[in-house]
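Please work through the exercises below with the sequence and the model open side by side, and try each task before reading its solution.

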Amino acid sequence: MTYKFYGGVHPPTFKTLTSDRPIKRVYIPKKVTIPLSQHTGSPAEPVVAVGDSVKVGALIAKQTGFISSPVHAAISGKVTKISHSPTPTQGRALSISIESQGDEDQEFKGHIPLGGAPNLTESEALSKEELLAIIRDAGIVGLGGAAFPTYVKLSPPKDKNIDSVILNGAECEPHLTCDHRLLLEKSKEILKGFEIIVKILGVKDAYIAIEDNKLSAIYAMERAISAYSVQRTAYSIKIVKLETKYPQGAEKQVIKSVLNRTVPAGGLPMDVGCVVQNVGTAFAIYEAVYFGKPLIERCITITGSCVKEPMNLWVRIGTLLEDLKDSQGGFLKEPKRIVVGGPMMGIAQYTMDVPIVKGTSGVLFLSEDDIDREEESVCIRCGRCIDVCPMGLVPTTLMYHVKKERFREAKDLGIPHCYECGACAYICPAKIPLLDYMKLGKAMIHP
């Protein structure tokens, strides 16, 4: 039986703009700017200097702690700058700029620098420890948005008793279809990556969760499972069809919908015996284990009313938005707002000189007509924000405490548990920017 979570909203999806567009590889940038803090945890530390020549896939920054992740060169070229540069998520961060000198080979050759084994038909020949080392050294992080180092997530404490793993293919954010396309085009590879995840965790129950507006992806994964010759005696893989609802793809909501388990306030999925991984992460794991490929590129959705040809693209990490725009032949009309991510949880940018990072799932180029400029009015106490909050919070009460700078009271009422899905602001008839108040309150509690 599949259970439902309470709350959530049903915004227009706009996914038909790109859901039928195969993933293209049309552009390799001549320069990249790669932040050293594009993952949860401590920033990576440079191991190259200005003037050094690097090859695509080479290590350019090492991890600096257990919760950290190394960074690799996305193109071959010369290191031209190591300085603080704009990022799409956190203002400015130390970054490494690389420029192609024009004659380098920009294709990753798959020469197995990380200890992987491309000729293996299965991953059973590698131990759990070897697989974790490959994932760690490849710089793989969660590609669903949080960018938490994957090897850490796959190394839960022994007392957590993990019995289930969920591959998250919900992709509930409007406009974004990169996960959908991966499920269609890379179903076998994703399944192999998922097998590696299952082996590392040693679980008996494995699930692939996909929203019911992606039936083609569900059928593709069903065919991949049927065609896969491995006889699974220790575990099973089940596909779970989820109700199309936002924010269905959030970890806690996926766990509730698939397993009917509630992650406690302030807790993690491992606290209820579960680990959740994104489909893009599973594909990256496959490439690292079978081809020794570090995380130097990812699939993203480029869309919006200003884009001439909305599409799904393979994009090198560090590609600047300005260069990405030029690769698409410019705009139909000048965008009034540029959002990295989806329209619900994405972050508006003030410059095009920000790079694609590991956690970037899409870029929206929106026109004036796409932007809701209705003025904020007085709260009418309708309670809709309470009804849709997936965490069971009371956004209007939290807003009043934040307005009055009563941050301790806001903390006591649960504002740290808001994961900023934006459902409250979307549904509010008074157009109160509730999400902005949630972010402010959380920032003041955890500066």
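**Exercise 1. Find which residue stands opposite valine 340 in strand 15, and place that pair in its sheet.**

Step 1. In this predicted model, the residue of strand 15 that stands opposite valine 340 is isoleucine 347.

Step 2. The strands concerned are strand 14, residues 337–340, and strand 15, which run antiparallel and are joined by two bridges.

Step 3. Both strands belong to an open sheet of five strands, whose order is 13-12-16-14-15 and whose pairing is mixed. The edges of this sheet are formed by strand 13 (311–316) and strand 15, each of which pairs on one side only.

**Exercise 2. Determine where threonine 351 is found, whether it is buried or exposed, and what it is in contact with.**

Step 1. Threonine 351 is found in the loop between strand 15 (347–348) and strand 16 (362–366).

Step 2. The relative accessible area of threonine 351 is 18%, and because buried means under 20%, threonine 351 counts as buried.

Step 3. A polar atom of the threonine 351 side chain lies 3.0 Å from the backbone nitrogen of aspartate 353. When neighbours within four places in sequence are left aside, threonine 351 is in contact with Pro86 and Leu321.

**Exercise 3. Describe the lining of the second largest pocket, and say which strand gives the most to it.**

Step 1. The space in the second largest pocket comes to about 200 Å³.

Step 2. Its lining includes Lys31, Val32 and Thr33, together with Ser85, Pro86, Leu320 and Asp353. Pro86 has already appeared as a contact of threonine 351, and Asp353 as the residue whose backbone nitrogen lies 3.0 Å from a polar atom of that threonine's side chain.

Step 3. Strand 1 (31–35), strand 6 (77–86) and strand 7 (92–99) each supply at least two lining residues, and strand 6 gives the most, with four residues.

Step 4. Sorted by class, the lining has four nonpolar, four polar and four charged residues.

**Exercise 4. Decide whether strand 11 is enclosed or open to the outside, and find the bridge partner of isoleucine 166 in that strand.**

Step 1. Strand 11 covers residues 274–278, and five of its five residues are buried, so this strand is largely enclosed by the rest of the structure.

Step 2. Taking the faces separately, Cys274, Val276 and Asn278 are buried on one side, while Val275 and Gln277 are buried on the other, and both faces are thus covered.

Step 3. Strand 8 (residues 164–169) runs parallel to strand 11 and is joined to it by five bridges. Within this pairing, the partner of isoleucine 166 in strand 11 is valine 276, a residue that was listed above among those buried.

**Exercise 5. Work out how far apart in space the C-alpha atoms of valine 289 and leucine 131 are, and how far apart those of arginine 381 and valine 402 are.**

Step 1. Valine 289 is found in helix 7 (residues 279–291), where its relative accessibility of 1% makes it count as buried. Its C-alpha atom and that of leucine 131 are separated by 7.1 Å, although the two residues are 158 residues apart along the chain.

Step 2. Arginine 381 is found in the loop between strand 16 and helix 9 (384–388), and with a relative accessible area of 62% it is exposed. Arginine 381 and valine 402 are 21 residues apart in sequence, and their C-alpha atoms are 17 Å apart in space.

**Exercise 6. Examine the backbone at proline 247, alanine 147 and lysine 431, and state what is found at each.**

Step 1. Proline 247 has its place in the loop between strand 10 (236–242) and helix 6 (251–259), and the peptide bond that joins tyrosine 246 to proline 247 is cis, with omega about 5 degrees.

Step 2. Alanine 147 has a positive phi, near 55 degrees, in a residue other than glycine. It lies in the loop between helix 1 (128–137) and helix 2 (150–153), and at 5% relative accessibility it counts as buried.

Step 3. Lysine 431 also has a positive phi, near 60 degrees, and its place is in the loop between helix 12 (423–427) and helix 13 (434–445). With a relative accessible area of 26%, lysine 431 is partly exposed.

Methods
Residues numbered from 1 in each chain as written. Predicted model: local features only at pLDDT ≥ 70, side-chain atom pairs only at ≥ 80, totals over all residues. Heavy atoms only, no water. Buried < 20%, exposed > 50% of the residue type's maximum accessible area, 1.4 Å probe, protein only. Polar contact = N/O pair within 3.5 Å; in protein donor to acceptor, adjacent residues only side chain to side chain. Contact = heavy atoms within 4.5 Å. 1 Å grid on protein atoms, 1.4 Å probe; cavity = no way out; pocket = protein on both sides within 12 Å on 5 of 7 lines; lining within 4 Å. Points joined across faces, edges and corners; volume = space filled by probe spheres on them. Nonpolar A, V, L, I, M, F, W, Y, C, P; charged D, E, K, R; others polar. Pairing = 2+ DSSP bridges.
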